[in-house]
2 protein chains.
Amino acid sequence: MAGAEWESLEQCLEKHIPPAELREVKRILYGKETRKLDLPSRAFEAASREDFELQGYAFEAAEEQLRRPRIVRVGLVQNRVPLPTDAPVAEQVAALHKRIEAIVEVAAVCGVNVICFQEVWTMPFAFCTREKLPWTEFAESAEDGPTTRFCQKLAKKHDVVVVSPILERDGEHGDVLWNTAVVISNSGAVLGKTRKNHIPRVGDFNESTYYMEGNLGHPVFQTPFGRIAVNICYGRHHPLNWLMYSINGAEIIFNPSATIGALSESLWPIEARNAAIANHCFTCAINRVGVEHYPNEFTSGDRKKAHCDFGYFYGSSYVAAPDGSRTPGLSRSRDGLLVAELNLNLCRQMNDVWNFKMTGRYEMYARELAEAVKPNYSPTVLKE
Amino acid sequence: MAGAEWESLEQCLEKHIPPAELREVKRILYGKETRKLDLPSRAFEAASREDFELQGYAFEAAEEQLRRPRIVRVGLVQNRVPLPTDAPVAEQVAALHKRIEAIVEVAAVCGVNVICFQEVWTMPFAFCTREKLPWTEFAESAEDGPTTRFCQKLAKKHDVVVVSPILERDGEHGDVLWNTAVVISNSGAVLGKTRKNHIPRVGDFNESTYYMEGNLGHPVFQTPFGRIAVNICYGRHHPLNWLMYSINGAEIIFNPSATIGALSESLWPIEARNAAIANHCFTCAINRVGVEHYPNEFTSGDRKKAHCDFGYFYGSSYVAAPDGSRTPGLSRSRDGLLVAELNLNLCRQMNDVWNFKMTGRYEMYARELAEAVKPNYSPTVLKE
């Protein structure tokens with residue numbers, strides 16, 4: 001058992017480690033235990049019928065005297081692309097819309113308030129090819145493209161905030177492409193959009209061929225279910241990106257991603273969780289699953305022969321809490337919906353315990369960074 | 001089995017999980033496997049005689065054409081205080097000097113080039129008491145206190161760079177206390193000092209009663225064995241602190257700490273490792289072991305009754321590499337020496353793969369942080 005077939009780390013630990021020790025293992029690896037959510041059986045039936053995994057967990061917080069618990073259910077969706085990558089563009093998009101619609105139905109049954117899909121969820125992650133057509137045809141207007149309209153309908157129907165990461169074409173400003181997440185209120189209105197701030201040049205992730213670093217800063221979205229932000233994919237490697245969303249007030253930061261086993265699987269459990277700890281907020285790490293095969297060969301800058309896929313996306317989507325605890329991951333290979341019930345009061349409670357914002361010395365860092373970016377900057381290096 | 005008696009996560013996994021699956025578990029939890037170092041048998045004999053754990057691992061890097069491997073051996077020391085906390089101050093310090101001397105002897109046999117001791121290694125972590133005497137008597141001059149002189153002798157004798165974290169009294173500037181690490185060259189000369197930049201106000205960690213945030217910025221020390229920096233204890237929760245050391249050129253960042261099980265054990269494997277990933281450098285996380293009992297009762301701000309200890313330090317010292325891999329942890333309860341062989345070429349290699357500095361957009365963050373610290377700062381919050 002190895003590669004994409006190996007179901008999940010958590011299943012393996014549960015299977016082999018005796019209960020008394022398993023408790024210690026989980027405490028160290030996952031922090032305070034998350035309670036299993038009691039989700040409706042018809043949700044599990046529907047998930048089984050639609051062939052996707054459904055898991056639910058709750059994070060708890062201490063009772064306060066003056067604030068009531070602020071309970072929010074978030075949904076994280078991971079999925080493979082249902083059609084081959086050489087199917088007509090419109091058919092691929094339609095198949096993904098259909099798949100997501102079915103998953104969102106189940107999320108609604110589970111009482112999800114805010115749902116987030118994976119990075120550029122309406123398309124295969126085709127940037128490995130460096131070809132422009134047909135992939136750029138998947139780009140849409142963030143404000144009124146067919147996918148945004150589709151999500152508006154879902155949002156209104158199910159009273160759910162939708163975070164919809166797409167490939168955006170900005171027709172109003174030079175027709176350029178962006179890697180964007182559209183945030184749609186539960187009323188159906190488009191709340192706004194946010195763009196990927198850091199673009200990878202790593203292995204097959206040739207995204208800088210298609211779009212540039214986001215120009216919208218670090219917006220936060222005020223929803224009836226808390227303040228949310230979206231740190232797209234490679235931005236999770238940049239602690240400052242998480243920090244600015246948090247400084248701007250985000251209580252939940254989604255990290256819709258697309259990343260593969262050989263490259264990043266041992267980094268995956270670390271980065272979003274570290275961000276939850278460091279920023280006193282919840283983070284939701286979402287990765288797609290499956291292997292996507294492309295019609296034409298491409299190379300990967302790894303001295304290996306040309307090939308038509310770039311390995312498997314390992315899923316493993318999870319939620320991390322400001323106290324460092326986390327849910328288990330979804331499957332490494334199956335489509336899935338992770339429902340997590342958050343008590344947002346935990347953010348301020350952890351802030352008051354750990355005080356990272358109070359002790360952060362941001363004035364000093366603003367000054368030091370401003371110096372450090374000067375071409376003639378000379379760091380303090382002590383020598384004998 | 002629980003609490004401090006449970007030896008280590010890694011031992012438990014090794015014991016219960018079948019080999020084929022263990023490989024996958026370790027890949028996800030620890031990244032690329034570190035090779036066991038072949039240390040001299042007389043080192044193991046001495047460690048056993050002196051009753052401390054000895055482990056050794058090597059991190060490898062790809063071969064390059066123009067640079068030879070840059071191999072460095074670092075030593076991480078974790079230990080309990082040998083004497084009761086009410087023994088005379090001079091005797092406590094002498095006992096710690098003696099203990100460390102024995103461990104450094106073994107490190108030298110193992111070919112260690114740079115060794116780092118735990119936070120304020122010459123004293124119990126007495127800040128929980130909020131009493132001034134006798135604890136402030138443990139403070140010494142960084143430049144020529146008895147502990148610095150002791151370390152200079154060790155450094156010269158064993159041709160080893162010594163990182164010596166102490167409670168510093170700065171007699172030249174108002175007689176104030178600092179939490180400081182003195183860095184001593186393998187020649188025996190004092191290279192300089194660096195101070196703890198972030199001070200906790202968390203539970204029993206009443207350190208702000210004793211000393212303030214460091215005023216030395218983020219110095220890096222050029223040694224014959226690479227550029228090193230020291231991020232002391234609570235600074236590991238602050239991603240910007242790691243970042244500035246890295247921007248200033250650190251290839252190895254030591255994190256001498258003192259932290260307890262109930263508070264932080266599930267955060268421990270995350271933070272220093274995330275820093276190694278995010279900054280393309282090696283990080284060395286060091287924690288003490290044991291329970292320290294104090295003569296007078298104190299409270300912990302946790303609504304519980306007054307008591308004379310604040311729980312067990314859980315050891316688990318480890319090294320993380322820029323590729324996200326890490327060594328197993330030392331024991332959770334025993335004194336120990338972790339020897340890690342690093343190939344510093346891995347730092348630049350990972351930098352060239354992941355490009356976090358190139359894609360970091362520090363100008364933007366310098367600007368955003370400078371805005372964010374203004375009292376009238378108004379973040380971008382999008383509402384319906």
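## Sheet in chain B

Strands β5 (residues 161-170) and β6 (residues 176-184) of chain B pair in the antiparallel sense, over nine bridges. Within this pair, Leu167(B) stands opposite Asn179(B) in β6(B). The model is predicted, and that applies to every feature described here.

The two strands belong to an open sheet of eight strands in chain B. Its order is β1-β2-β15-β3-β4-β5-β6-β7, and the pairing is mixed. Which strands of chain B form the edges? They are β1 (35-36) and β7 (190-195), each of which pairs on one side only.

## Sheet in chain A

Chain A also has an open sheet of eight strands. The strand order reads β1-β2-β15-β3-β4-β5-β6-β7, with mixed pairing. At the edges of this sheet lie β1 (35-36) and β7 (190-195) of chain A. Each of these edge strands pairs on one side only.

In chain A, β5 (residues 161-170) runs antiparallel to β6 (residues 176-184), and nine bridges link them. Val163(A) stands opposite Val183(A) in β6(A). Between β5 and β6 of chain A is a loop that holds Asp175(A). Asp175(A) is not a glycine, yet it has a positive phi of about 60°.

## A salt bridge within the sheet

Side chains of opposite charge can pair when their charged atoms come close. How many salt bridges does a search of the whole structure find? The count over all chains is 53.

One of them joins Lys193(A) and Glu168(A). The closest N and O atoms of this pair are 2.6 Å apart. Lys193(A) lies in strand β7 of chain A and Glu168(A) in strand β5 of chain A, so the salt bridge ties together parts that are 25 residues apart in sequence.

## How the two chains are related

Lay chain A on chain B and the RMSD is 0.0 Å. The operation is a turn of 180° with a shift of 0.0 Å along the axis. That is the relation of a two-fold axis. Which residue of chain A comes closest to the rotation axis? It is Ala366(A), with its C-alpha at 2.3 Å.

The contact surfaces correspond as well. Of the interface residues of chain A, 100% are also interface residues in chain B, so the copies meet through the same surface.

## The interface

The size of an interface is often given as the accessible area lost when the parts come together. Between chain A and chain B the buried area is about 7800 Å². Carbon and sulfur atoms give 66% of that area. Chain A brings 89 residues to the contact, and chain B brings 89 residues.

Polar links also cross the interface. Between chain A and chain B there are 40 residue pairs in polar contact, counting pairs with both residues at pLDDT 80 or more. Four salt bridges span the interface of chain A and chain B. Among them is the one between Glu21(B) and Lys15(A), at 3.6 Å from N to O.

Which element gives the largest share of the side of chain A that touches chain B? Helix α10 (residues 362-372) of chain A does, with nine residues. By residue class, the side of chain A that touches chain B has 48 nonpolar, 25 polar and 16 charged residues.

Strands pair across the interface too. Strand β8 (residues 220-223) of chain A pairs with strand β16 (residues 381-382) of chain B in the parallel sense, over two bridges. Here Phe221(A) stands opposite Leu382(B) in β16(B).

## Backbone exceptions

Most residues other than glycine have a negative phi, and most peptide bonds are trans. Some places in this model depart from that pattern. The peptide bond from Leu133(A) to Pro134(A) is cis, with omega near 0°. Pro134(A) sits in the loop between β4 (114-116) and α5 (146-158) of chain A.

In chain B, a cis peptide bond joins Leu133(B) and Pro134(B), with omega about 5°. Pro134(B) is in the loop between β4 (114-116) and α5 (146-158) of chain B.

Phi gives a further case. Asp51(A) has a positive phi of about 60° although it is not a glycine. Where is Asp51(A)? Asp51(A) lies in the loop between α3 (41-49) and β2 (53-58) of chain A.

Technical notes:
Residues are numbered from 1 along each chain as its sequence is written. Chains are lettered from A and ligands numbered from 1 in the order in which they are written. This is a predicted model: local features need pLDDT of at least 70, side-chain atom pairs count only at pLDDT 80 or more; totals for chains, interfaces and linings use all residues. Side-chain values use heavy atoms; hydrogens and water are left out. Contact means heavy atoms within 4.5 Å. Buried area is the accessible area (1.4 Å probe) that two parts lose on being put together, summed over both. A salt bridge is a side-chain nitrogen of Lys or Arg within 4 Å of a carboxyl oxygen of Asp or Glu. A polar contact is a pair of N or O atoms within 3.5 Å; within protein, one must be able to donate a hydrogen and the other to accept it, and residues adjacent in sequence count only if both atoms are side-chain atoms. Helices (H or I, at least four residues) and strands (E, at least two) are DSSP runs, numbered from the N terminus. Ala, Val, Leu, Ile, Met, Phe, Trp, Tyr, Cys and Pro count as nonpolar, Asp, Glu, Lys and Arg as charged, and the others, Gly among them, as polar. Two strands pair if DSSP finds at least two bridges between them. Copies are superposed by least squares on the C-alpha atoms of residues with pLDDT of at least 70 in both.
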